[in-house]
Amino acid sequence: MAIVNQIPYFSEKEHSFDSIILYMDLDAFFAAVEIRENPSLVGLPLVVGGNPNTKQGVVSTCSYEAREFGIHSGMSISQALKLCPNLTMVRGSFRLYSEVSKRIMNILKHYSPIMRVAGNDEAYLDLTDVVSDYEEAKQLANELKDDIYASEKLTCSIGIAPNKILAKIGSDTDKPNGLVVVRPLKIAEFLSPLKITIIPGIGKKSSKIFHDNNITTCGDLSIIPYQLAYQKFGKTGLKTWKLVNGYNTENTDDKFNSREIKSISEERTFFNRPKDWKDIDVLIDSSIETIVTKAKKKNMNFRTITLKIRFQDFETFTRSHSLSCHVISKKQVKEVVNMLLEEFKDKKPFQIRLLGVKISNLIKITDNQKTLTQFF
Ligand code: TTP
Ligand code: MG
């Protein structure tokens, strides 16, 4: 069959499991912070998000008690109230969550120099060079859980596995306050009973295609020939097939910190000398548009804004300002840039040769968390 020849065959790397990765995700993050701040909320079905007065908006997250009614993130408040009329609602304070998140990430940093922050309450640690085996990794994970609880009174769920995707799946299968270790030789066995939708990236659309082909669990997919997985479900199907059969689908050489983007910037030199501050304004607006669009595409929020300014005599200055929390807003960049420009307002616009704007102190947000700005 011609299609078989097109299959990108298994590489050596797919058999090697040299890494030990830990994934940590806080339990019911925003809701847990609210409960910690106000213990009278303990044990209540609680949602964070929406407007408690108008009863409009969307659920940002909810307590595990609320989840028992079928309530989940992204659901409309009106729907949540139908499921649980006695629901307690709090509006939430993103600034507080942001501060807590920062402190938690600082705790995590002490456990491995190689870390990737994946969202406001989730991060990966590469433990490969920190521990000698999975048993030690488990001990370290328990210490980390204790550490987080002692400092912030919050619980988290942790997965430990040979790569990121398996560590995340591990954590997702035992929430709240879980700890799951997936050892290399146990991957297929571990995944087999789990629904195929546990795999990040298998959304409603792909799961329907799998279901239409009688594949509900990871085990169902693992027993079909890989040629068939490729034929029916394409490249994603083959990759998923490899995953559920215990192959390594990630590049383990990727020490994830090294690929992390540190900043996004845009520098522009004037072709013709600017006549007035309006010309400066136009150039800055266009740079801001470019960098914020890039940040949005990469799902990055940022906290620090830097202005670079070079004069015709090549004298160059950089000035930075950090906001109190991570944002993704052109307006805020513009306000900060204008503020930083004030210092140079005694110069004549035509003296300016180059202007640059940079955003840094980046944090990756997940697709779901992109909706945050709708809540606060
Ligand atoms: P999650 O980790 O997805 O959810 P969670 O921590 O509330 O619950 P779980 O125990 O299942 O991990 O997201 C972290 C926070 O991000 C969450 O507390 C609120 C926010 N968030 C949104 O604002 N909108 C969303 O759609 C989701 C999924 C999360
Ligand atoms: Mg969470």
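1. Let's start with two helices in this predicted model. Helix α5 (residues 94-109) packs against helix α6 (residues 134-152) at an angle of about 145°, and their axes are 10 Å apart. If you wonder what those two numbers are for, two packed helices are described by the angle between their axes and the distance between the axes. The crossing of α5 past α6 is right-handed.

2. Which residues of α5 and α6 meet? On the α5 side, look for Val100, Arg103, Ile104, Ile107 and Leu108. Their counterparts in α6 are Leu144, Asp147, Ile148, Ser151 and Glu152. Sorted by class, this contact between α5 and α6 holds 6 nonpolar, 1 polar and 3 charged residues.

3. Next, follow α6 onto a sheet. This open sheet has 5 strands in the order β5-β6-β1-β7-β8, with mixed pairing. As a reminder, strands of a sheet pair through backbone hydrogen bonds, either parallel or antiparallel. The edges are β5 and β8 (179-181), each of which pairs on one side only. From one strand to the next, the twist averages 15°. Helix α6 lies across β1, β6, β7 and β8, and runs at about 165° to β7.

4. Have a look at the pairing of β1 with strand β7 (residues 156-161) too. These strands are antiparallel and share 6 bridges. To find your way along the pair, pick out Ile21, whose bridge partner in β7 is Ala161.

5. Now the metal. What coordinates the magnesium ion (ligand 2)? The donors come from Asp25 (OD), Leu26 (O) and Asp121 (OD), at 2.1 to 2.3 Å. Along the sequence, these donor residues follow the spacing D-L-x94-D. Asp25 sits in strand β1 (residues 21-26) and Asp121 in the loop between β5 (115-119) and β6 (122-126), so the pair ties together parts that are 96 residues apart in sequence.

6. Why is the arrangement around the magnesium ion (ligand 2) irregular? Its 6 donor atoms subtend angles of 68 to 179°, and that spread makes the arrangement irregular. For six donors to count as octahedral, opposite ones must be over 155 degrees apart and all others between 65 and 115.

7. There is another sheet to find. It is open, with 3 strands in the order β3-β2-β4 and mixed pairing. At its edges are β3 (61-62) and β4 (88-90), each pairing on one side only. Strand β2 (residues 46-48) and β3 run antiparallel and are joined by 2 bridges. Within that pairing, Val48 has Thr61 in β3 as its bridge partner. Helix α2 (residues 29-37) packs on this sheet and touches β2, β3 and β4, its direction making about 115° with that of β2.

8. Finally, two backbone spots deserve a second look. Most residues other than glycine have a negative phi, and most peptide bonds are trans. Ala28 has a phi near 40°, which is positive although the residue is not glycine; you'll find Ala28 in the loop between β1 and α2. The peptide bond from Lys175 to Pro176 is cis, with omega near -5°. Pro176 belongs to the loop between α7 (164-172) and β8.

Definitions and conventions:
Residues are numbered from 1 along each chain as its sequence is written. Chains are lettered from A and ligands numbered from 1 in the order in which they are written. This is a predicted model: local features need pLDDT of at least 70, side-chain atom pairs count only at pLDDT 80 or more; totals for chains, interfaces and linings use all residues. Side-chain values use heavy atoms; hydrogens and water are left out. Axes are lines fitted to C-alpha atoms, for helices over the stretch in contact, and angles run from 0 to 180 degrees between N-to-C directions. Helices (H or I, at least four residues) and strands (E, at least two) are DSSP runs, numbered from the N terminus. A crossing is left-handed if the near helix is turned anticlockwise from the far one by less than a right angle, and right-handed if clockwise. Contact means heavy atoms within 4.5 Å. Ala, Val, Leu, Ile, Met, Phe, Trp, Tyr, Cys and Pro count as nonpolar, Asp, Glu, Lys and Arg as charged, and the others, Gly among them, as polar. Two strands pair if DSSP finds at least two bridges between them. Donors are N, O and S atoms within 2.8 Å of the metal (3.2 Å for Na, K and Ca); water is not among the atoms, so sites may look incomplete. Four donors count as tetrahedral if all angles lie between 85 and 135 degrees; four count as square planar and six as octahedral if opposite donors are over 155 degrees apart and all others between 65 and 115; anything else is irregular.
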